[in-house]
Protein chains: 2
Amino acid sequence: MRNTVARDAILEIINTTDEALSQSDVQAKLPEGLCNRVTIYRVLDRLVDEHLAHKITNIDGVIKYANCQSCTTKHKHNHLHFNCERCNTVTCIEAVEPSFKLPANYEVKNVNFLVSGICPECKGN
Amino acid sequence: MRNTVARDAILEIINTTDEALSQSDVQAKLPEGLCNRVTIYRVLDRLVDEHLAHKITNIDGVIKYANCQSCTTKHKHNHLHFNCERCNTVTCIEAVEPSFKLPANYEVKNVNFLVSGICPECKGN
DNA sequence: TTTTTTAATGCAATAGGGTTGCAGTTGCAA
DNA sequence: TTGCAACTGCAACCCTATTGCATTAAAAAA
Ligand SMILES: [Mn+2]
Ligand SMILES: [Mn+2]
Ligand SMILES: [Zn+2]
Ligand SMILES: [Zn+2]
């Protein structure tokens with residue numbers, strides 16, 4: 001993958017933000033006019049292909065992206081994601097991996113565990 | 001809630017289908033022209049309000065609806081949902097409730113556990 | 001350094017799921 | 001039977017996301 005201005009800027013944002021970001025979230029953080037909005041969609045998808053970011057489908061159907069902690073050869077993201085209804089953020093709860101056991105013959109390829117409610121920050125205010 | 005033709009038909013479909021349905025899935029099962037597509041959206045939402053159906057956000061962001069087994073005063077749906085990538089269905093796995101424990105001060109209001117992969121039917125074929 | 005290759009981008013159009021405002025209709029309680 | 005709020009149809013709209021194609025620009029090759 002080529003090292004472009006858009007890629008650098010977007011990866012930097014993903015890596016320095018502690019909440020999952022949608023395309024429009026990323027756009028809001030990018031310098032005005034750095035790149036086209038379609039490019040953001042494409043770069044984010046490429047970062048997923050490169051195992052540098054992972055996708056989360058929020059409860060409202062919007063796709064959010066967050067950096068990968070340690071995915072080299074393949075993605076592994078069974079951790080929980082929390083969507084705060086008040087501040088409307090989605091955060092990776094890396095420490096929590098829900099356990100479950102499917103009946104026989106189900107082949108699991110991908111997991112999207114999303115819990116929504118009120119986050120500690122909003123709770124305290 | 002009033003007893004309308006659309007409500008009756010849609011509730012019947014939801015209750016006799018063993019997979020979660022989107023608005024367009026419901027529309028495809030309804031007799032041509034029985035009601036407007038907007039009505040389907042509105043009826044489905046009303047069924048959720050009445051605790052007769054629950055919502056699931058699929059991995060692709062599309063909202064699906066399935067009947068409630070036993071929700072009277074409030075919804076309780078911590079069970080797993082499985083999305084088959086091959087036959088593109090979403091099914092309630094009522095028997096499986098993933099266990100997890102959030103750090104302190106998170107208030108959970110809603111849960112959306114979605115696992116995607118290959119279902120037993122598709123696996124066998 | 002210059003040339004070449006092709007990945008990456010911008011732009012405009014398009015798709016698809018879902019919502020909204022409002023006028024007209026209808027279930028059902030009185 | 002009547003009155004009215006709940007429900008519906010329709011058209012317009014919103015939002016997220018994708019696609020086709022011409023152009024640009026990394027970075028490999030010369
Ligand atoms: Mn995550
Ligand atoms: Mn369910
Ligand atoms: Zn919050
Ligand atoms: Zn299947």
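In this predicted model, chain B and chain A bury about 2,800 Å² between them. Carbon and sulfur atoms account for 63% of that area. Contact involves 33 residues of chain B and 33 residues of chain A. The interface holds 4 salt bridges. One of them joins A:Lys109 to B:Glu85, with the closest N and O atoms 4.0 Å apart. Polar contacts link 13 residue pairs between the two chains, both residues being at pLDDT 80 or more.

On the side of chain B that touches chain A, β3 (80-84), β5 (107-118) and α4 (120-124) each supply at least two residues. The largest share, 12 residues, comes from β5(B). By class, this side has 19 nonpolar, 9 polar and 5 charged residues. Strand β5 (residues 107-118) of chain A pairs with β5(B) in the antiparallel sense. The pairing runs over 11 bridges. Within it, A:Val111 has B:Val115 as its bridge partner.

DNA strand D is surrounded by 21 residues. The closest are B:Thr4, B:Asn36, B:Thr39, B:Arg42 and B:Arg46. Of the strand D atoms that come within 4 Å of the protein, 58% belong to sugar and phosphate. The surface near DNA strand D comprises 10 nonpolar, 4 polar and 7 charged residues. Helix α3 (37-49) of chain A and α3 (37-49) of chain B each supply at least two residues of this surface. The most, 6 residues, come from α3(B).

Individual atom pairs involve both phosphate and base. A phosphate oxygen of DNA strand D is 2.4 Å from a side-chain N or O atom of B:Thr39. Another pair places a phosphate oxygen 2.8 Å from a polar backbone atom of A:Asn3. A base nitrogen of the strand lies 3.3 Å from a side-chain N or O atom of A:Arg37.

Notes:
Residues numbered from 1 in each chain as written. Chains lettered and ligands numbered in written order. Predicted model: local features only at pLDDT ≥ 70, side-chain atom pairs only at ≥ 80, totals over all residues. Heavy atoms only, no water. Near = heavy atom within 4 Å. Polar contact = N/O pair within 3.5 Å; in protein donor to acceptor, adjacent residues only side chain to side chain. Helix = DSSP H or I, 4+ residues; strand = E, 2+ residues; numbered from the N terminus. Nonpolar A, V, L, I, M, F, W, Y, C, P; charged D, E, K, R; others polar. Contact = heavy atoms within 4.5 Å. Buried area = accessible area lost by both parts, 1.4 Å probe. Salt bridge = Lys/Arg side-chain N within 4 Å of Asp/Glu carboxyl O. Pairing = 2+ DSSP bridges.
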